[in-house]
Amino acid sequence: MRERERLEADLYNSVRKSSEVHRRVRQYINTKIKPGIKLIDMCELLENCNRTLVEAEGLKAGIAFPTGCSINHVAAHYTPNKGDDTVLKYDDVMKVDFGTHINGRIIDCAYTVAFNSKYDKLLEAVKEATNTGVKEAGIDARLNEIGEAIQEVMESYEVELDGKTFPVKAIRNLNGHSISPYQIHAGKSLPIVKGGSGEIMEEGEFYAIETFGSTGKGYVREDMECSHYMKNFDVGHVPLRMPRAKQLLATIDKNFGTLAFCRRFLDRLGEEKYLMGLKNLVSSGIVDQYPPLCDIKGSYTAQFEHTIFLRPTCKEVLSRGDDF
């Protein structure tokens, strides 16, 4: 029993420290996010702060995945690649999605930034929907029932933009998910609309409760240049003929393991001319690519997300802060 308690104490310490780092990084970056900032500069400020506070050390502690800063109709999986000089504008709606980890225990948490108050109802709808998901979650809770509750709250809102009223729609093909060590999407999906599986949440599980709302179709498709990649968690040994792909895989294994990474992270490690090698790793099924996920152009999307931990006696909302 003592041994189990010691292991549990280690686990609790890891996730709580990781959560505290996430809160402090949010606090810091919110002083920097202003119209006119280049997204690539914002991401690098955020990531450097994250590395410092989490005391990044190889695969033991560090950034859990690239900083998402998806704008407007882009809902998720966008971070600038080198040479992308996109600037944040006053009328943009930006999802700030980043992660920390200690010993592979990932805190996945996100929020939406908008400067123009006309988007307030959109942000409120999604924040309330996420809070509903957090409230409904718990040991033995059914995933499909949580999804239904989320959708009901989200879609009770509408938003008026420039004289036109839009219903807020839950993006039906985006989900929350269970999280395991070094595995951001660990096999259980938490829908944000009704339907989905009647699977239940179980003691000891971690979940990212995330919801997305949109003024568009409420459905996303892959579009634009890819920046996010992740080694397939279940892949065995795959023989590679291309020496550059082998080299690149060694870099990925050493620095990221099965955690997600982006092209900027490879640039930072001094990797050059790696796109062919990366393409080879993707076509071999060793690495998966995750292009940006977009609703229709001209629409606006928002996201809020928390990581929760289902302890035997209570539900801990690890990433909760004074901000949201």
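**Exercise 1. Helix α3**

Determine which residues of helix α3 are buried in this predicted model, and how the reach of the helix compares with the expected span.

*Solution.*
Step 1. A residue counts as buried when its relative accessible area is under 20%.
Step 2. In α3, the residues that are buried are Leu-122, Leu-123, Ala-125, Val-126, Ala-129, Thr-130, Thr-132, Gly-133 and Val-134.
Step 3. An α-helix has 3.6 residues a turn, so residues three or four places apart point the same way.
Step 4. Helix α3 runs over residues 120–136 and has 17 residues. From its first C-alpha to its last, it reaches 24 Å, which is close to the 24 Å expected at 1.5 Å a residue.

**Exercise 2. The annotated residues**

State which residues the UniProt annotation "binding site" covers, and explain why they can be said to gather at one spot.

*Solution.*
Step 1. According to the unreviewed UniProt entry, the annotation covers Asp-108, His-177, Glu-210 and Glu-305.
Step 2. These residues span 198 residues in sequence, yet no two of their C-alpha atoms are more than 10.8 Å apart; therefore they gather at one spot.
Step 3. Asp-108, His-177, Glu-210 and Glu-305 also belong to the lining of the largest pocket.

**Exercise 3. Asp-108 and Glu-305**

For Asp-108 and Glu-305, identify the strand in which each lies, decide whether each is buried or exposed, and examine the contacts of each.

*Solution.*
Step 1. Asp-108 lies in strand β4 (residues 105–114), while Glu-305 is placed in strand β16 (residues 301–310).
Step 2. The relative accessibility of Asp-108 is 4%, so Asp-108 counts as buried. For Glu-305 the value is 0%, so Glu-305 counts as buried.
Step 3. Neighbours within four places in sequence are left aside. Asp-108 is then in contact with residues including Phe-65, Asp-97, His-177 and Glu-305. The contacts of Glu-305 include Asp-97, Asp-108, His-177 and Glu-210, and also Thr-130, one of the buried residues of α3.
Step 4. The side chains of Asp-108 and His-177 are joined by a polar contact of 3.3 Å.

**Exercise 4. The largest pocket**

Give the volume of the largest pocket and state which strand gives the most to its lining.

*Solution.*
Step 1. The volume of the largest pocket is about 640 Å³.
Step 2. Its lining consists of 35 residues, of which His-77, His-177, Ile-184, His-185 and Tyr-290 lie nearest the centre.
Step 3. Strands that each supply at least two lining residues include β1 (61–71), β3 (93–102), β10 (206–214) and β16.
Step 4. β1 gives the most to the lining, with five residues.

How values were computed:
Residues numbered from 1 in each chain as written. Predicted model: local features only at pLDDT ≥ 70, side-chain atom pairs only at ≥ 80, totals over all residues. Heavy atoms only, no water. UniProt positions renumbered as here; feature names shortened; annotations may be inferred. 1 Å grid on protein atoms, 1.4 Å probe; cavity = no way out; pocket = protein on both sides within 12 Å on 5 of 7 lines; lining within 4 Å. Helix = DSSP H or I, 4+ residues; strand = E, 2+ residues; numbered from the N terminus. Buried < 20%, exposed > 50% of the residue type's maximum accessible area, 1.4 Å probe, protein only. Contact = heavy atoms within 4.5 Å. Polar contact = N/O pair within 3.5 Å; in protein donor to acceptor, adjacent residues only side chain to side chain. Expected span 1.5 Å × (residues − 1). Points joined across faces, edges and corners; volume = space filled by probe spheres on them.
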